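Q: Hey, I've just opened this one and I'm new to it. Can you walk me through it?

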Amino acid sequence: MNLAIVLNVVIQGVLTGLVYGLMALGLSVIFGVVRVVNFAHGEFAVVAMYAAYLLFVTLGLDPLISLFPIAAAFFLVGFLLQASLVNRFVGRSEHEQFILLVGLAIIIVNGLLMIFGPDARPTNLPYSFDSYLLGPLFIDKARVYAAIGALVVSAALFAFFRYTTIGTAIRACADNLTGAAVVGLNVKRLYALTFGLGLACVGAAGALMVTIADASPLLAQAFTLLAFTIVIIGGLGSMTGALVAGILIGVSEALASFFLAPSMKSMFSFALLVAVLVLRPQGLMGRRV
Amino acid sequence: MKRKSQSKTARLTRRTFTIGLGAAGFVAGTAPFNIARAQGAALKIAVVLPRSGYLAPAGQSCHRGALVAPKVLSDYGYKVELVHIDCESNADVARTQTERAINDGAQIIVGAFDSASTLAMAQVCEQRKVPLVVNIGAAPQLTEQGYKFLVRNFPTGGMLVDNGLRLIKNLLDVTKLDAKTAVFLHANDTFGTAQRAAMDRLFPNAGLPFRLLESIAYDPKAQDLSVEVTKVRALNPDLLLVVTRAADAIKLVRDMVRQRFEPKGIISPGSPGLYDEEFYQGLGPLSDYAIYNIPWANPKAQMTQALEAAFKSENPKFRFPVECFNVGFTFEALLVAAAAHKRAGSTDGTELMKAIRETNITDHVIIGPAIKFDEKGQNIGIPSAAVQNRDRTPTVTLPAEVATAAPVLPMPGWQKRT
């Protein structure tokens, strides 16, 4: 087996995995703080894909640029959604939260189907068909840009949580809700901010995803499932875990496709999920509760 | 009082017997008039198609064919009333919706583009004794499982591959292309795996001058096919034989361009994907020169021209040459149903099915001889044409008698496209 080809496959897996990781990061942030599982996560990612697609076809905006206004808009949507709707369900039973967000997911997908139809919408960027040639390696330009974008957004999010007062307050809420409330933090406002940040991540990930995949309403369910798998493998609420698990899934799927059969690649993600649930239920980087 | 009343209703009197006998005689005497009424009334057909879900582009295309059909059929003297049903690219939905359509009075079912959904529908139609006319669906088991209420006016996967391989040989002869190796890449859905089985069975005896290096299955719902293309590129075949759907065909070509993999030809031995509008829109000039060996509409047939005119007036945004495969086969399925209804003069499922099995329609849309069904319900006389994308339009290149252009192989490199 040619080592260069295997290396090529691994690089593709890492690059795709980083975008997967960013997408799952949003889910992890929301769950880690608000303790609500966003079952409409993939649907929001697909909305972001369509937003990036529309901005490209109407204004000619490259998704690498439009990801910033999209992330900002998604932050606002997330903030308002949490403040107006999801906050009412915080602390209620999990099945009620589940029904609320699944209902939202169904509305989003069907709305997209009504507006855009079922056809996949490709965003043909000037670099969509280009690749870097490094010796025997072919590396897609679009995938490289998307991965760099994912790393930049993730680093910004990490910095926000670590170095800003609001980020510290949000972490305090996640660590000890009662303590945070006792010291006078506005928990509901912080929850809304967190939901906004989570959706901003999804917005950015969706915009980046459109550079490597075509926008289609049918991707939504697969994205939600993928984000869950990554978050559970990485550890619920762990941001680093989400990124690491994203890369792990990307690489394992790529290698399984190459060495076994492409049609078996999803099986490997789920096999990894089962293995983690059995051997390390808190996830690779999650804390034991 | 109560007991008296019960005894009254249970007792058969001479009067009730006479009334009953009279009623029976009336019903028997007017039965021929029911047949006459059935002949005059429109046939209620449920058209089940995957108008959403991952097969939606093709399902929508078939749907456009179904929408224009009543007008064209009416011009030919057939009356049909269509009920349009979306099976969401899901076999379970197809099954339940078929059941529901029959409960709501559908007299014939037409569908469903996808073999898995059609198989699910066939079971319901068989139980309910309602004829199912398959518009598109190539899995051999559809006509191999002994269904008595099913006919298929579409080639089986084996027929498609057999015709397709023969045309590949002709293509190589005509273009004098020197191809020594090929890789077969196929979707792992019901249709794709049926095509794979047919390839495994037919390729060794097809007499083709190239070796099949490997057959690779992939998930058509995958977000990209980069690893699949890397795998194929590592084998470096002269020809890439594919069985795709529309969305994955785009991903395939895109990743081939990204990885600068340029085989001498991309040829489908019989599958959709390479001729969908979505494929042309998504890839522009990169969609050109792909070849697919499938049955195609006969542009010279009078009925094709009538269908094209109706299609253009109803669907100005869609190109008939791109849609004629889906539209043509869906129309023909409805034609088979309507013609059988006219001959049978009845809406009874068994009578309709008997008439359908006796179908012999010479004037129709798709290239080939008269539409007829064998004892299994299969039309075995559907030939294929080698159709190549040229200037983003499907162009018949073989057989020579229906060709409008000569085939081009090897295909020009990706960077040489304009």
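**A first look around**

Q: Sure, let's start with chain B. Which domains does the assignment give it?
A: The domain assignment of chain B gives domain 1, covering 41-155 + 299-357, and domain 2, covering 158-294 + 385-416. Keep in mind that this is a predicted model.

Q: What distance separates the centres of those two domains of chain B?
A: The centres of domain 1 and domain 2 of chain B, taken over C-alpha atoms, are separated by 28 Å.

Q: And how many residues of each are in contact?
A: In chain B, 15 residues of domain 1 are in contact with 19 residues of domain 2. On the domain 1 side, the elements that give two or more residues are α3, α5 (115-128) and α12 (320-344) of chain B.

Q: Which one gives the most to that side?
A: That's α12(B), with 3 residues. By class, the side of domain 1 of chain B that touches domain 2 has 13 nonpolar, 1 polar and 1 charged residues.

Q: OK, stick with α12(B). How does it cross α13(B)?
A: The axes of α12(B) and helix α13 (residues 349-357) of chain B come within 8 Å and cross at roughly 115 degrees. That makes α12(B) roughly perpendicular to α13(B). The crossing of the two is right-handed.

Q: Which residues make that contact?
A: From α12(B) you have Val336(B), Ala340(B), His341(B), Arg343(B) and Ala344(B). From α13(B), Glu351(B), Leu352(B), Lys354(B), Ala355(B) and Ile356(B) take part. The residues of the contact of α12(B) with α13(B) divide into 6 nonpolar, 1 polar and 3 charged.

Q: Switching topic: where does chain B touch chain A, and how many residues does each give?
A: The contact takes 29 residues from chain B and 28 residues from chain A. On the chain B side, the elements giving two or more residues are α3 (56-75), β7 (211-218), α8 (226-235), α9 (246-258) and α10 (277-283) of chain B.

Q: Which of them has the largest share?
A: α8(B) does, with 6 residues of the side of chain B that touches chain A. The residues of that side divide into 11 nonpolar, 9 polar and 9 charged.

Q: Now chain A. What's the average pLDDT there?
A: Chain A averages a pLDDT of 89, and 99% of the residues score at least 70.

Q: Where in chain A is confidence lowest, and where is it highest?
A: Confidence in chain A is lowest in helix α7 (residues 177-182), at a mean of 83. The highest is in helix α2 (residues 41-59) of chain A, at 95.

Q: How do α3(A) and α8(A) cross?
A: Helix α3 (residues 63-84) and helix α8 (residues 187-209) of chain A have axes that come within 6 Å and cross at roughly 150 degrees. α3(A) and α8(A) are therefore roughly antiparallel to each other. Their crossing is right-handed, and the residues of the contact of α3(A) with α8(A) divide into 23 nonpolar, 6 polar and no charged.

Q: Last thing, back to the backbone of chain B. Which peptide bonds are cis?
A: The bond from Gly111(B) to Ala112(B) is cis, with omega near -5 degrees. A cis peptide bond also joins Leu398(B) and Pro399(B), with omega about 0 degrees.

Q: Where do Ala112(B) and Pro399(B) sit?
A: Ala112(B) is in the loop between β3 (108-111) and α5 of chain B, while Pro399(B) is in the segment after β12 (393-398) of chain B.

Q: And what is the phi of Phe113(B)?
A: Phe113(B) has a positive phi of about 65 degrees although it is not a glycine. Phe113(B) lies in the loop between β3 and α5 of chain B. Most residues other than glycine have a negative phi, and most peptide bonds are trans.

Technical notes:
Residues are numbered from 1 along each chain as its sequence is written. Chains are lettered from A and ligands numbered from 1 in the order in which they are written. This is a predicted model: local features need pLDDT of at least 70, side-chain atom pairs count only at pLDDT 80 or more; totals for chains, interfaces and linings use all residues. Two residues are in contact if their C-beta atoms, placed from the backbone, lie within 7 Å. Helices (H or I, at least four residues) and strands (E, at least two) are DSSP runs, numbered from the N terminus. Ala, Val, Leu, Ile, Met, Phe, Trp, Tyr, Cys and Pro count as nonpolar, Asp, Glu, Lys and Arg as charged, and the others, Gly among them, as polar. Axes are lines fitted to C-alpha atoms, for helices over the stretch in contact, and angles run from 0 to 180 degrees between N-to-C directions. Angles under 35 degrees count as roughly parallel, over 145 as roughly antiparallel, 65 to 115 as roughly perpendicular and the rest as oblique. A crossing is left-handed if the near helix is turned anticlockwise from the far one by less than a right angle, and right-handed if clockwise. Domain bounds come from an automatic or database domain assignment. pLDDT is the predictor's confidence in each residue, from 0 to 100.
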